[in-house]
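Here are my notes for you to read alongside the model. Have the viewer open and go through the points in order.

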Amino acid sequence: MGRRLIHGLSGATVFLVSVALLSVRHRGARETARYPGLREGMSQKPEQWSKASPEGRGGRRQEDPQVHQPEEYRTEGSLTLEDIFIAVKTTKRFHQSRMELLLDTWISRAREQTYVFTDEEDDALKRRMGDHAIFTNCSAEHSHPALSCKMAAEFDAFLASTQSWFCHLDDDNYLNPQALLKLLSAYSAMWDVYLGKPSLNRPIRASEMLPNNQTKPVRFWFATGGAGFCISRKLASKMVPWASGRNFVSTSELIRLPDDCTVGYIIECKVGGHLLPNELFHSHLENLQLIPPSQLTQQVTLSYGVFENKLNVIELSGPFSPQKDPSSRFRSLHCHLYPDTSWCLQAAGW
C-alpha cells in the first residue's frame, strides 16, 4: 500500500501546480459554459439559501429545502459500510491523474463497497479494482447524454445489488467513509431519503418537453453531483420508471440538463420527494478554504478545483507540504484520518 514520495526540484513543483490549476480551471469553465443556468447562485453561501424565496413545481411556491427535515426520517439502526453502494463516476483520461489518488486514499478503506464507472477499459484500473471497475461503453464526452449514460449504469448496478443506500461521487471527491456511515445511520433506508448539497440557492428552472413540440416549466431542487449525494433504496425503487435502463437517458432528454439535475427532477417532479440538504457534502463550486481545518475530518465529502479563478483546495497542515501534495491536499487529509497508512508513516516529521 506504500507509495513512493516524489521529491522534485522547485521548478518541477511549480510546473506541476501550474498544470493542476490549468486543468481544474478548464473543467470549471467548461461546465458553466455548457450549462449557463448552473452559474447562477453557485457563489452563494449555504446560509443564504434560507433567505431565498424559491418557487416550486409548476409555478407553485416551494419551501426552502432546509425545512424538509421531518423527525420520522431519523432512526437508530445499526448500519454498516456493507449496506452502502458507493459509485464513482470517471473517464479514461482521468484514470491516472484522479483515480490513482482516490485508490491510494479513501477507496483503500472502502474497497468492497466502491464501484468505479468509466467509459473505456483500462488494465491498470482493472488490476486494482477487479470486477468493481465497470466499463460502461458510454461516451467520454462531457455532455448530458454521456453523463446520464453513466448515471444510468450506476443506478442499475445499485438496483441489482442488495445494499440499502446508493451514494454517487465524482472522481474529484474525497469520501470519509466513517462520516458517511454516521450520517446515514441517522436515517432509515425504508423512507424516501435524498441527501446532498444544492449548488444553487433556489430551485433550478427548466422546460420539460411534451408531445407535439410543447413544453411546460418545471422547478426543482437537486444535489450537485460534484459534492456527492445519497438515495435510500425505498426512494430509488420509486424512481425506476424514469431512471432504470434507457429510461434515465430518455428522462434527461426531457429537460436537457446534466445527470445530477435529472436525478433531482425525477425525485421532486415525478416521484414527489424532496431534497434534504446537508452541509457535510462539498464540491469545487464552493470556497473550500472556508471550512475550518479542525472540522475537515468530520465532513462526508471534500473536493478540489477552481473558485474565483484560484486553485481551490482545503487548508490543512502536514504531513505533506503544499508542494508535495499540491492539487487536492487529499494525501495529507488521508493521513490525518488514517495515520497508520504506510506512506503516511514514511512522511518526514509525522
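**Notes on the fold, its core and its cavities**

1. Starting with a detail that caught my eye: the lining of the largest cavity has nine nonpolar residues, two polar and no charged ones. In this scheme Ala, Val, Leu, Ile, Met, Phe, Trp, Tyr, Cys and Pro count as nonpolar, Asp, Glu, Lys and Arg as charged, and the others, Gly among them, as polar.

2. Some ground rules. This is a predicted model, where local features need pLDDT of at least 70, side-chain atom pairs count only at pLDDT 80 or more, and totals for chains, interfaces and linings use all residues. Residues are numbered from 1 along each chain as its sequence is written, and side-chain values use heavy atoms, with hydrogens and water left out.

3. Back to the cavities. A cavity here is a set of points, on a 1 Å grid over the protein atoms alone, where a 1.4 Å probe fits but cannot get out, and lining residues have an atom within 4 Å of a point. Grid points are joined across faces, edges and corners, and a volume is the space filled by probe spheres set on the points. The count comes to two cavities of 30 Å³ or more.

4. Which residues line the largest cavity? They are Ile86, Cys167, His168, Leu169, Leu175, Leu180, Phe229, Cys230, Phe281, Val300 and Thr301. The volume of this largest cavity is about 40 Å³. Strand 4 gives the largest share of its lining, three residues, and strand 4 and strand 9 each supply at least two. Helices (H or I, at least four residues) and strands (E, at least two) are DSSP runs, numbered from the N terminus.

5. The second largest cavity has a volume of about 30 Å³. Its lining includes Tyr174, Asn176, Leu296, Leu333 and Leu337. Strand 11 (301-302) and helix 9 (330-337) each put in at least two residues. By class, the lining of the second largest cavity divides into six nonpolar, four polar and no charged residues.

6. On the whole chain: there are ten helices and 13 strands. Buried residues (under 20% relative accessible area with a 1.4 Å probe, protein chains only; exposed is over 50%, partly exposed in between) make up 53% of the 350 residues. Among contacts (heavy atoms within 4.5 Å) between residues at least 6 apart in sequence, 68% join residues at least 24 apart.

7. Now the sheet. Seven strands form an open sheet in the order 3-2-1-4-9-6-10, with mixed pairing. Strand 3 (133-135) and strand 10 (276-277) are the edges, each with a single partner strand, so one side of each has no neighbour in the sheet. Two strands pair if DSSP finds at least two bridges between them.

8. Strand 1 is worth a look. Six of its six residues are buried, so strand 1 is largely enclosed by the rest of the structure. Ile84, Ile86 and Val88 point one way, Phe85, Ala87 and Lys89 the other, and all are buried, the lysine included. Strand 1 pairs with strand 4 in the parallel sense over six bridges, with Ile84 partnered by Trp165. Four bridges join strand 1 to strand 2, also parallel, and there Ile86 has Thr114 as its bridge partner.

9. At one edge, strand 2 (residues 114-118) runs parallel to strand 3, joined by three bridges, and Thr118 has Phe135 as its partner. Not counting residues up to four places away in sequence, Phe135 touches Thr118, Glu120, Glu121, Asp122, Leu125 and Lys126.

10. Is helix 5 (residues 177-184) largely enclosed or open? Six of its eight residues are buried, so helix 5 is largely enclosed by the rest of the structure. The buried ones are Pro177, Ala179, Leu180, Leu181, Leu183 and Leu184. Their cover includes strand 1 (84-89), strand 4 (165-170), strand 5 (174-175), strand 6 (194-196) and strand 9 (229-232). At the start of helix 5, a side-chain oxygen of Asn176 reaches to within 3.2 Å of the backbone nitrogen of Gln178.

11. Last, Ser332 in helix 9. Ser332 counts as buried, at 0% relative accessibility. Its side chain reaches the backbone oxygen of Phe320 at 3.4 Å. Beyond its neighbours within four places in sequence, Ser332 is in contact with Leu316, Gly318, Pro319, Phe320 and Asp325.

How values were computed. A polar contact is a pair of N or O atoms within 3.5 Å; within protein, one must be able to donate a hydrogen and the other to accept it, and residues adjacent in sequence count only if both atoms are side-chain atoms. On a 1 Å grid over the protein atoms alone, a cavity is a set of points where a 1.4 Å probe fits but cannot get out, and a pocket is an open set with protein on both sides within 12 Å along at least five of seven lines; lining residues have an atom within 4 Å of a point.
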